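Biologist: Before accepting the labels attached to a model, I should like to hear the reasoning behind them. Could you go through them with me?

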Amino acid sequence: MTASSKQQRNTRYYIGDVKHQLRDGFGVYVYPNSFFRYEGEWKAGRKHGHGKLLMKDGSYYEGEFSSGEIDGNGLRYWASSGNTYSGQFRCGELHGFGVMQYGDGSRYEGEFSYGLREGHGFLLDKEGHAYQGSFHNNKKHGEGQMTCRNGDQYEGGWILDQRQGHGVLRFIDGSIYEGQWRNSLFNGQGSMIHCSGVIYEGMWTNGQPAGGASKIVIEGGDVLEVFQDSPFTVEVQLQNNEGEMTAGESGRVLKLSAGVRYTELPPSCSSTTFLKLIEDMEEKPFPTPFGFECISYPLMEKMLERDHSRGSAPLAVTKSGFVLTDSPIPEGEVESGSGSDTMGGRGAPPSNLDGNLQFSGSEDDWQPPPANQRVEAGCAKFQNVMLAPPPTNYRAFLVMDELEKQKAAKKPAGRASSEKLTSSLDRSADSRSNIVSHVGGNSKSSLADSVNVRAGEYVIMVQDVTSPPFLNHPLPPAFVLLRVIPPKNGKNSKSVRKESK
């Protein structure tokens, strides 16, 4: 038998072809530790060519060998993890281009360097996020694009699996952030266009605007004063925690509403009919920072055309606390399709205090509630605002009137007829007589001219109604006291000073 002839050696370790007493050709080799088993081609005593290396735990490699080493193209399976790799190898390591299907469902297709992801590749992780870009030491590193499972898309810099440097994030809801990143958070100079319409440009820290708005501030102090039945203007600023105006923020939607102090009816009230009426109209009061609760009161917006035709101008609240007449009316952005949500502020003209007398004018005579306003460069302005006539059987005034009656009943008759009530509890008979005199005819005058708003103290509230809330954090509402005072002797004073405390 010659050395080149095929021989089958039934030994403990090898069964196959031999040439010059060396394994050569096809053969099966069982290693001494019995963990490895090789089936394939040999050359000069070494694994060379195509073969399959099997492991006792079920793992295996099948592909090309060169001079005893796994080298070239092949398929590798790991039984312990369920990972499968198909691609290029060098010296037994994943090296070159290949596709790794991980046991947890993730998948990588791209370049490897000695067992690690290195270079350009595409990774679909187990959470469903898809990344395409640069890798280093098995991590996302360099420039890359990621599409998250929820549809958000990021394009920009990465360092060690973290978004770092400059990048753009496009949210599925339409919001866009462009700027600096650190540890996958907005950090540094950047700008965001939010899906709600809010725009912020400035510094960011740990994912939040460094100089972003934290509160709403109504200019003019804690107390504003206005003449009865006169329009006024409310100016608002957005400020940060340091009290600085956030000029880099625009687009928040603010809503203006009003309220009257909520008064509990005392147990001494014996009128069953009156108690039943109040119970039917009961509404949930809202808290204020002034130590008492309020129930809503309707506002309205005086139309500009009516102001010009009558020759009147709105009252503007200045920073010093004055309410000025004959002020110019600057143009402001109006958020259309929205308005006050206060009592009597929707659907129909509001009624007066007398339950038996409704507003009889046409719908053209009714004034709409104030429209919501969008913030521009940290500021917003509500112009030509007026307190609307009280709705029919308005609860707060009914309770006030009932308390007046009880108070008057306890006084001697001679004194009760001569004493005057306070400004906050003006007699309802006065306003009702005005209603009859103005509304009873066929005049086309506006509702504001037909009904006197009660003098006294009201609460103005400004709310952040941005939807959806900017960064999921709506600003807390702002409050201010509004004192309505009658004109002095019918003269239209130029200003009303804030009452000193």
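Modeller: The discussion below takes up the labels in turn; the model is predicted.

Biologist: What is the overall make-up of the chain?

Modeller: The chain has six helices and 33 strands. Of its 501 residues, 42% count as buried. The accessible surface comes to about 25900 Å², and 49% of that area belongs to carbon and sulfur atoms. Among contacts with a separation of 6 or more, 46% join residues 24 or more positions apart.

Biologist: How do you know that strand 14 and strand 15 pair?

Modeller: Two strands pair if at least two bridges are found between them. Strand 14 (residues 162–170) and strand 15 (residues 176–182) have six bridges, in the antiparallel sense, so the requirement of at least two is met. Within this pairing, Leu169 stands opposite Tyr177. Five residues lie between the two strands of the hairpin, and Gly174 there takes a positive phi near 105°.

Biologist: What makes strand 16 a partner of strand 15?

Modeller: Strand 16 (residues 185–193) is likewise antiparallel to strand 15, with six bridges. Glu178 has Ser191 in strand 16 as its bridge partner. The hairpin of strand 15 and strand 16 has two residues between the strands, and Asn183 takes a positive phi near 55°.

Biologist: Which residues have the most contacts inside the largest nonpolar core?

Modeller: They are Phe186, Met192 and Trp204, in a core of 33 residues. Leaving aside residues up to four places away in sequence, Trp204 touches residues including Tyr177, Phe186, Met192, Pro209 and Leu471. A second, separate core of 32 residues includes Ile216, Leu299, Ile460 and Leu482.

Biologist: Why is Ile199 called partly exposed?

Modeller: Partly exposed covers relative accessible areas between 20% and 50%. Ile199, in strand 17 (residues 199–205), has 40% relative accessibility and therefore counts as partly exposed. Together with Ile176 and Ile193, Ile199 makes a nonpolar surface patch of about 230 Å².

Biologist: Why is the contact of Arg37 with Glu39 called a salt bridge?

Modeller: The term requires a side-chain nitrogen of Lys or Arg within 4 Å of a carboxyl oxygen of Asp or Glu. In this pair the closest N and O atoms are 2.9 Å apart, so the criterion is satisfied. Both partners are partly exposed, Arg37 with a relative accessible area of 36% and Glu39 with 27%. The structure holds eight salt bridges.

Biologist: How do you know that Arg252 is buried, and which parts of the chain does its pair with Asp464 tie together?

Modeller: Buried means under 20% relative accessible area. Arg252 has 2% and is therefore buried; Asp464, with 10%, is buried too. Their salt bridge has its closest N and O atoms 2.8 Å apart. Arg252 lies in the loop between strand 22 (249–250) and strand 23 (253–261), whereas Asp464 is in strand 31 (residues 456–464), so the pair ties together parts that are 212 residues apart in sequence. Arg252 also meets Glu249 in a salt bridge (2.3 Å, N to O), and Glu249 is buried as well.

Biologist: What makes Pro287 exposed?

Modeller: Exposed means over 50% relative accessible area. Pro287 stands at 59% and so counts as exposed. This residue lies in strand 24 (residues 286–287). Pro287 nevertheless touches Phe292, Glu293 and Phe479, not counting residues up to four places away in sequence.

Biologist: What is noteworthy in the backbone of Ser67, Asp229 and Pro468?

Modeller: Most residues other than glycine have a negative phi, and most peptide bonds are trans. Ser67 has a positive phi of about 55° although it is not a glycine, and its place is in the loop between strand 5 (60–66) and strand 6 (69–77). Asp229, also not a glycine, has a positive phi of about 60° and lies in the loop between strand 20 (223–227) and strand 21 (232–239). Ser67 has 41% relative accessibility and Asp229 24%, so each counts as partly exposed. The peptide bond joining Ser467 and Pro468 is cis, with omega about -5°; Pro468 lies in the loop between strand 31 and strand 32 (478–485).

Notes:
Residues are numbered from 1 along each chain as its sequence is written. This is a predicted model: local features need pLDDT of at least 70, side-chain atom pairs count only at pLDDT 80 or more; totals for chains, interfaces and linings use all residues. Side-chain values use heavy atoms; hydrogens and water are left out. Helices (H or I, at least four residues) and strands (E, at least two) are DSSP runs, numbered from the N terminus. A nonpolar core is a set of buried Ala, Val, Leu, Ile, Met, Phe, Trp, Tyr and Cys residues joined through side-chain atoms within 4.5 Å. Buried means under 20% relative accessible area, exposed over 50%, partly exposed in between (1.4 Å probe, protein chains only). Contact means heavy atoms within 4.5 Å. Patches are made of residues with over 30% relative accessible area and no salt bridge: like charges are joined within 9 Å, nonpolar side chains (Val, Leu, Ile, Met, Phe, Trp, Tyr) within 5 Å. Accessible areas come from the Shrake-Rupley method with a 1.4 Å probe; for residues, only the protein chains shown count as cover.
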